[in-house]
Amino acid sequence: PTAAPLPTLAPLTGNVLRIAVGVDPASVEPTGVTGQIANMLDFVIEPLVTSDEKGAIKPGLAESWTTGKDGDLQWVQFKLRKGVKFHDGTPLNAEAVKVMFDRWLNPEVYRPTKFLTTMLKKFEVVDENTIKAYSEYAPEMFLSFILFTGFSPISPKSLTVAPNEMKKIAVPVGTGAYKWKEYARAQRLVLEKNADYWGEKPHYDLVEFRIIPDATARETALLAGQVDMMISPPAPDIPKLQQDKNLKVAYAPGMRIIYAPFNMNDKTLQNVKVRQALNHAIDRKAILDKVLFGVSEVMQSPMPQAYNGFCEQKPYNYDPAKAKALLAEAGGKDLKLKFVAPTGRYFQDFPTAQAIGGFLQDIGVEATPSTMPFPQYVGEITKKAEDSTLQMHYFGFAAPAPDAALGMFYIYAGSQIAPAGINTAYYKNDEVDKLIEAAFRESDPAKRKDLACKAQTAIWNDPPAIFLFVEKLVIAHSAKIGNIGFLPGERFAAIYAKPN
């Protein structure tokens, strides 16, 4: 049957900030949100710690913390701000934070993994405003991990169905500068200023997230003055938008890597010379200029430069002759790769995949990409290794916190091989696993950085993927509005936007 038309909504009036986004926040369960939906929730809920634009940890709902060791475990003890209340009037205290930690370890809410239960080993309420969290990993690792939006406390009163019973939530009741007002499916989310907010009060009375999946339609709404800001303009139009004196275009530091994982279960691709050859076959600068319009950076390491612990590597320069020679040495003649890519999930994703296929064709490798709807695509790339018929795919990844060891864990650790995780290359390297695990446990910053560097070097020299780009988050907004910036994790910072 044909879906019923969406009802026409009355326009909002008054002091309103209007932001056009490409995704519908149909589910706002904090433990499951990512990307733009997490960014919207940042207006409503707040973590214990936050960060500056470079990733340095700063106080959030916790005004301070101390660290230490207790046997084999390391701990972080948080001192909460006093006088903070949730939007329903419930006070923020250590019990409320404990409920948040409990939810992460509750299988009815989230899917606890060995990694999570090692990270969150145990926690205890010390007093009304103090909570202590124990981990097998270093305090710096733990603090980076809980920067994630999903670790923001929610009012226990809003979660309780019966004593000690928890539920997935439809409306988050946090402590943030804005609180939930209205949600209309596929049309808009409206937030209103929290008059009782503990911190600096925002300028706008209302924030309207206008849900417009099509990038060109978002751009049209911005140019028509129907919205004040948009996320991810159409790539070909960015130069024109930059020349418009009525607009500002801003780029976030790159947090998402774009790469093409190999199927490491494929016998031909198990030869490291083949994988190195495919990396030398790609003219990344040409793709950057002609397909991505400069809205990315060439990867210099398996992790982005903006991540803590980044370690620059010797580049895979565009060298077709070297690529052909390596293929010949490895016996990779007449190589055919089944290659898939999504359309519309990442910035210029399928056009970039087509360009990659063209460069591989130039060295005699057949890898013409095909595409499919994103849900089907995810199903294909996360099959068990023995069930996969792919040799390569196009993928994007941003870690929940800007930490190189954490990022490598998610996509290269042996324990995360799909479908258990998103190591979709089916990559298993014991040296890399040991280095990542050691970095997680090391509390000395210099030693931890050295371990992360060694892991990046090992992955780079034993490439489980074609390393491509670090994608930037791009926003465009009216020049009449200022005080808009970015935070690590592909997040725009517009809570304190105001007229220039």
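**Exercise 1. A charge and a ring**

Over the face of which residue does K472 lie, and at what distance from the ring centre?

*Solution.* Keep in mind that this is a predicted model. Start at K472 and look for the ring beneath its side chain: K472 lies over the face of Y251, at 5.3 Å from the ring centre. Now try a second case, K122. The charged end of K122 sits over the ring of Y134, 4.7 Å from its centre.

**Exercise 2. Naming ring pairs**

Classify two aromatic pairs, F115 with F145 and W460 with F467.

*Solution.* Step one is to recall what we need: a pair of aromatic rings is described by the distance of the centres and the angle of the planes. The whole structure holds 30 aromatic pairs.

Step two takes F115 and F145, whose centres are 5.6 Å apart with 90 degrees between the planes. Planes over 60 degrees apart count as edge-to-face, and this pair is indeed edge-to-face. The pair links distant parts of the chain, as F115 belongs to helix α3 and F145 to helix α4, 30 residues apart. F115 counts as buried because its relative accessibility is 8%, and F145 counts as buried because its value is 6%.

Step three takes W460 and F467. Their planes stand at 10 degrees and their centres are 4.5 Å apart, so this pair is stacked. Both W460 and F467 are buried.

Finally, zoom out: ring pairs link a cluster that includes F115, F145, F151, W104 and F397.

**Exercise 3. Reading a sheet**

Which strands stand at the edges of the open sheet of 4 strands?

*Solution.* First write down the order, which is β14-β19-β13-β18, with antiparallel pairing. Next, look at both ends: β14 (296–298) and β18 (395–397) each have a single partner strand, so one side of each is left without a neighbour in the sheet. On average, neighbouring strands of this sheet are turned by 30 degrees against each other, direction ignored.

Then step inside the sheet. Antiparallel strands β13 (residues 256–261) and β19 (residues 465–471) are joined by 6 bridges. A260 stands opposite I466 in β19.

**Exercise 4. Finding the core**

Which helix gives the most residues to the largest nonpolar core?

*Solution.* Begin with the core itself, which has 116 residues; among those that touch the most other members are F151 and I466. Helix α13 (residues 404–412) gives the most to this core, with 7 residues. Now follow F151: beyond its neighbours within four places in sequence, its contacts include P47, F101, W104 and F145. A second, separate core has 36 residues, including I19, A38, M40 and Y178.

Methods:
Residues numbered from 1 in each chain as written. Predicted model: local features only at pLDDT ≥ 70, side-chain atom pairs only at ≥ 80, totals over all residues. Heavy atoms only, no water. Phe/Tyr/Trp six-rings, centres within 6.5 Å; stacked < 30°, edge-to-face > 60°. Helix = DSSP H or I, 4+ residues; strand = E, 2+ residues; numbered from the N terminus. Buried < 20%, exposed > 50% of the residue type's maximum accessible area, 1.4 Å probe, protein only. Lys NZ or Arg CZ within 6 Å of the ring centre and 35° of its normal. Pairing = 2+ DSSP bridges. Axes fitted to C-alpha atoms, helices over the stretch in contact; angles between N-to-C directions. Core = buried A, V, L, I, M, F, W, Y, C linked by side-chain atoms within 4.5 Å. Contact = heavy atoms within 4.5 Å.
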